[in-house]
Amino acid sequence: ALHFCTHGTEAENKEGKPVLLLSTTAKKALNKTQVQELLHFVADIKEVDMNTLETLGGGSIGPTINKLF
């Protein structure tokens, strides 16, 4: 099965540094090399369990967070 990493979103941590928010599904789709490349641009990658929304077709972390702000 193919897995894709889409709809991530960037936020800031308490120190004002960029953090990439990804669903657990999206994070698992990345290999170690891809994670290391992303970490050149953000301080950390946080994964959020969005399984229910992703399974039922309600979206992912990017659209969900963006609707809040």
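Modeller: A residue is called buried when its relative accessible area is under 20%. The structure shown above is a predicted model.

Biologist: Why is Thr 24 counted as buried?

Modeller: The relative accessibility of Thr 24 is 18%. The limit for buried is under 20%, and therefore Thr 24 counts as buried.

Biologist: Where does Thr 24 lie, and which residues does Thr 24 contact beyond its neighbours within four places in sequence?

Modeller: Thr 24 belongs to helix α1, which covers residues 24-29. Outside those neighbours, Thr 24 is in contact with Glu 47, Val 48 and Asp 49.

Biologist: Why is Ile 65 called partly exposed?

Modeller: Ile 65 has a relative accessibility of 23%. Partly exposed covers the range between buried, under 20%, and exposed, over 50%. The value for Ile 65 falls in that range, so Ile 65 counts as partly exposed.

Biologist: What does Ile 65 touch, leaving out residues up to four places away in sequence?

Modeller: Ile 65, a residue of helix α4 (residues 61-68), touches Thr 9 and Leu 21. Ile 65 and Gly 8 are 57 residues apart in sequence, and their C-alpha atoms are 9.6 Å apart in space.

Biologist: Let us turn to the strands. What is the order of helices and strands along the chain?

Modeller: The chain has four helices and three strands, and along the sequence they follow the pattern β-β-α-α-β-α-α.

Biologist: What makes β1 and β2 a pair of strands?

Modeller: Two strands pair if at least two bridges are found between them. Four bridges join β1 (residues 9-12) to β2, so the requirement is met. The two strands run antiparallel. Thr 9 stands opposite Leu 21 in β2, and Glu 10 stands opposite Leu 20. In the hairpin of these strands, five residues lie between them, and Gly 16 takes a positive phi near 85 degrees.

Biologist: What makes β2 and β3 a pair?

Modeller: The same rule of at least two bridges applies. β2 and β3 (residues 44-48) have five bridges, in the parallel sense, so they count as paired. One of the bridges links Leu 22 with Glu 47 in β3.

Biologist: Why is one side of β1 and one side of β3 left without a neighbour in the sheet?

Modeller: The three strands form an open sheet in the order β1-β2-β3, with mixed pairing. β1 and β3 stand at the edges and each has a single partner strand, so one side of each lacks a neighbour in the sheet. The twist averages 35 degrees from one strand to the next.

Biologist: Why is strand β2 described as largely enclosed by the rest of the structure?

Modeller: Strand β2 covers residues 18-23, and five of its six residues are buried, so the strand is largely enclosed. In the chain as a whole, buried residues make up 23% of the 69 residues.

Biologist: What makes a group of residues a nonpolar core, and which residues make up the largest one here?

Modeller: The members must be buried residues of certain kinds, Ala, Val, Leu and Ile among them, joined through side-chain atoms within 4.5 Å. Here the largest nonpolar core has seven residues: Leu 20, Leu 22, Ala 26, Leu 30, Val 35, Val 42 and Ile 45. In soluble globular proteins, nonpolar side chains tend to be buried together. Leaving out residues up to four places away in sequence, Leu 20 touches several residues, including Val 42 and Ile 45.

Definitions and conventions. Residues numbered from 1 in each chain as written. Predicted model: local features only at pLDDT ≥ 70, side-chain atom pairs only at ≥ 80, totals over all residues. Heavy atoms only, no water. Buried < 20%, exposed > 50% of the residue type's maximum accessible area, 1.4 Å probe, protein only. Contact = heavy atoms within 4.5 Å. Axes fitted to C-alpha atoms, helices over the stretch in contact; angles between N-to-C directions.
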